[in-house]
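Let's walk through this structure together, one question at a time. Have the sequence and the model open beside you as you read.

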Amino acid sequence: MYVKQLFRKLCLFNNPMQQTRYFTHNPFSGKISLYLHRARLIDSIRLILRSNAPRSLIPLLNDPTVDSFVVANALQSAPSPDSALSLLEILKTIPHFCHTQATIRALAKILAKSQRSAELKSLVDDINAGKFWNVRISFMELMKWHAAAGDLESVLHAWNRYRVSGKQVSIEAYNIVMRLYVQMGKDSEAMQIFHKIISEGAIPNSRTYTVVLEHLANSGKLDSAIKVFNILPLMRIRRTLRQYSILVEEFTSINRFDVVKALLDEMQIDGILPGRAMQLSLQRMQEAGFVHETDEFLRGMLPDERIKNVGFCVDSSDDDDDENNHSSDDAGVDGVQLKPWLDPRALANALNNWDPNEVLALEEAKFVWTTRLVCKILRNFNSPETAWKFFCWVAYQPGGFNHNIYTVQRMMTLLARHGHVELVEKLLLKIRREEIRLPVSTIRLIIDFYGISRNADAALKVFHDAESLCGPMSKLYLMLLYSSLLRTLTKCGRSADALDVLEQMFLGGICPDVPTFSGLMYHFALEGDFKTVQKLFMMVRQSGVEPDAYMFKVLIHGYCKCERSALALRVFEDMRSLNLMPDAATKNLLVKSLWKEGRRREAASVEERCEEINYGLPFALRGHMWTMSSADLKRVYDIYSNSFAAAKGPNLQMELGSKH
């Protein structure tokens, strides 16, 4: 069945306001009531789609409150693509229902996941032709859909259109192409996309490295995968549950339980709540004798018996086998059991105003509150004040819910981001009293967020209490904590305090890394404190830290912004003496600044020296102040490319300004 046939009778573009007439008189007392009603409708549709009587949907769909929200979520919850398309077919007979962007997108995802490329293309053509009222699709959506369908040609076509559209290309677009190449076993092409990310000036994110880890792990290159994984904290890349799951599964499969144990310890340091995807791996590890290491994780993954199934029964008298019936009174009846549908984002949106009537309706709904659900709802609140009210309220609800380290850290970071220092302090006091250990990553996040909300004193206090809150820390995590504090102090304009902390750092035997030095030098260059910049650069050399090309780039840009081209030129000379190269943009900025300040001879000299480099200047020097050095990025690239020597990607020397 093609989409054009399926939608030939849709009323979407005929009368887009038709559906709204049914809500002129709102039958619901509030947003929670509406949410609960929609949830019941979605559950009913889910159950019927899993039954042997899909035609019984017709009376349910005739309910005027069945809107695009209900249909979109029911489609996404359908047990199979065929059942989802049967629902759409039945909807054609419902006169009041009109499709919206949500339902069209849900359909596109279903077609993509079921590999129905021809029908997906037909749907996209109809959207582009304007046959669906007010439905627009982005290049990113096109790429995601075609990638899910495994249609490489269509993905590349959409990507090429995106790249010439004049819009800034999202890193996620690169990730989609790279992941699809990995899934198709195209090692060389996947590595070339990673190279393209770097050479074109995009900055890899967590999902980029997830693709790298998947590629390495699925190819049996586990030692390389763990090397890349261990570099990520140095690059201030947040390690994700998905990354941990990939590595735990693969190392468990080869009985490397020592590595799995270390990964579980790192998960706790990173403050990550284990997912159920790890359950089989952890069970296998427990069977191998690692009971203490896995017991707490596995207990948290057990099904919550308080969450009752929703059920639906239909006549199945033609079936003589009643072995699977849930009750002896239901002979000749086929039972369908499902966990209730739940959307944390929609629930959080319904509670955003924290109206007393909404709260009462929520209490009467008798939700079963779990750590995962509370964390998800907290993440979706728009207002920290509402999140705090919910956080306090849920602790007193019947059912025995108790906040733990995962819900507390979620709440604290949200409060810190919005500058609610007193409430963060209140939670920290409670943690100390109950002798709970906070993950180091949470302390770093709080300090980082205090930089956003400009609360330097609060950041200093949290930093000084870090050891009592987290326990002993390795030098690596202590260095990262210092780096976060220094960044926050510079954001808050506390230059003197930043220098005091830097001195304290050295006295404690902790040496800053290249991104930290780069961030400090750029800050003081913009402040016009060039003496401190020179002092910091001397510290870099005396401490044995090797400056990379990106550090020089930062200095040149800082000096040029302050109209000190002579100092920028001196940095350029130091850079070239180490056989490092600027990128084209940095060279152009330096030449322009020298000309502007009347140093035409020096500008010409820079031009001539750069023209002598027969392989040309790199397009961009990759790195980032405070977070990532070009050396670390090159280490990841080298590990990745060397793992696939037969499909080795392009040389990264020029893009990173490395030595020749």
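Q: In which helix is valine 421 found?
A: A word on the source before we start: this is a predicted model. Looking along the chain, valine 421 belongs to the helix that covers residues 421–433. That helix is H23.

Q: Which residues is valine 421 in contact with, leaving aside its neighbours within four places in sequence?
A: One helpful clue is a pair of C-alpha atoms, those of valine 421 and asparagine 455, which are separated by 8.0 Å. These two residues are 34 residues apart along the chain. With neighbours within four places set aside, the contacts of valine 421 are Tyr450, Asn455 and Ala458.

Q: Where is arginine 454 found, and what is its phi near?
A: Arginine 454 is in the loop between helix H24 (440–452) and helix H25 (456–464). Most residues other than glycine have a negative phi. Arginine 454 has a positive one instead, near 60°.

Q: Is tryptophan 354 buried or exposed?
A: Tryptophan 354 lies in a loop, the one between helix H18 (344–350) and helix H19 (356–365). Its phi is positive, near 50°. The relative accessibility of tryptophan 354 is 15%, and the limit for buried is under 20%. Tryptophan 354 therefore counts as buried.

Q: Which residues do ring pairs link into a cluster with Trp354?
A: The structure holds 22 aromatic pairs. Some of these rings join up into a cluster that includes Trp354. Its other members are Phe367, Trp369, Phe381, Phe390 and Trp393.

Q: Which residues does phenylalanine 390 touch, not counting those up to four places away in sequence?
A: Phe390 is listed with Phe194, Trp369 and Tyr640 as having the most contacts inside the largest nonpolar core, which has 214 residues. Setting aside residues up to four places away, phenylalanine 390 touches Trp354, Trp369, Val374, Ile377, Leu378 and Phe381.

Q: How many residues apart in sequence are the parts tied together by phenylalanine 69 and tryptophan 341?
A: The rings of phenylalanine 69 and tryptophan 341 form an edge-to-face pair, 6.1 Å centre to centre with 85° between the planes. Phenylalanine 69 lies in helix H4 (residues 68–76), while tryptophan 341 is in the loop between strand E2 (333–338) and H18. Phenylalanine 69 is partly exposed at 23% relative accessibility, whereas tryptophan 341 is buried at 10%. The pair thus ties together parts that are 272 residues apart in sequence.

Q: What is the relative accessible area of phenylalanine 517, which pairs with phenylalanine 506?
A: Phenylalanine 506 and phenylalanine 517 form a tilted pair, 6.5 Å centre to centre and 40° between the planes. Phenylalanine 506 lies in helix H28 (residues 495–507) and phenylalanine 517 in helix H29 (residues 514–527), so the pair ties together parts 11 residues apart in sequence. Phenylalanine 506 is partly exposed, at 31% relative accessibility. Phenylalanine 517 is buried, and its relative accessible area is 0%.

Q: Over the ring of which residue does the charged end of arginine 239 sit?
A: Lysine 221 lies over the face of phenylalanine 644, at 5.8 Å from the ring centre. For arginine 239, the charged end is 4.4 Å from the ring centre of its partner. That partner is phenylalanine 229.

Q: Why is there no bond between the sulfur of cysteine 560 and the closest cysteine sulfur?
A: A disulfide needs sulfur atoms within 2.5 Å. Cysteine 560 is buried, at 8% relative accessibility, and the structure holds zero disulfides. The closest cysteine sulfur, in cysteine 562, is too far for a bond because the distance is 9.4 Å.

Q: Which helices do the buried residues of H32 pack against?
A: Helix H32 (residues 565–577) has 13 residues and reaches 18 Å from its first C-alpha to its last, close to the 18 Å expected. Its buried residues are Ser565, Leu567, Ala568, Leu569, Val571, Phe572 and Met575. Those residues pack against helix H30 (530–542), helix H31 (549–561), helix H33 (584–596) and helix H34 (600–611).

Q: What share of the residues in the chain is buried?
A: The chain has 36 helices and two strands. Among contacts between residues at least 6 apart in sequence, 71% join residues at least 24 apart. Of the 660 residues in the chain, the buried share is 53%.

Note on methods:
Residues are numbered from 1 along each chain as its sequence is written. This is a predicted model: local features need pLDDT of at least 70, side-chain atom pairs count only at pLDDT 80 or more; totals for chains, interfaces and linings use all residues. Side-chain values use heavy atoms; hydrogens and water are left out. Helices (H or I, at least four residues) and strands (E, at least two) are DSSP runs, numbered from the N terminus. Buried means under 20% relative accessible area, exposed over 50%, partly exposed in between (1.4 Å probe, protein chains only). Rings of Phe, Tyr and Trp (its six-membered ring) pair if their centres lie within 6.5 Å; planes under 30 degrees apart count as stacked, over 60 as edge-to-face and the rest as tilted. A charge sits over a ring if NZ of Lys or CZ of Arg is within 6 Å of the ring centre and within 35 degrees of the ring normal. The expected span of a helix is 1.5 Å times one less than its number of residues. Contact means heavy atoms within 4.5 Å. A nonpolar core is a set of buried Ala, Val, Leu, Ile, Met, Phe, Trp, Tyr and Cys residues joined through side-chain atoms within 4.5 Å.
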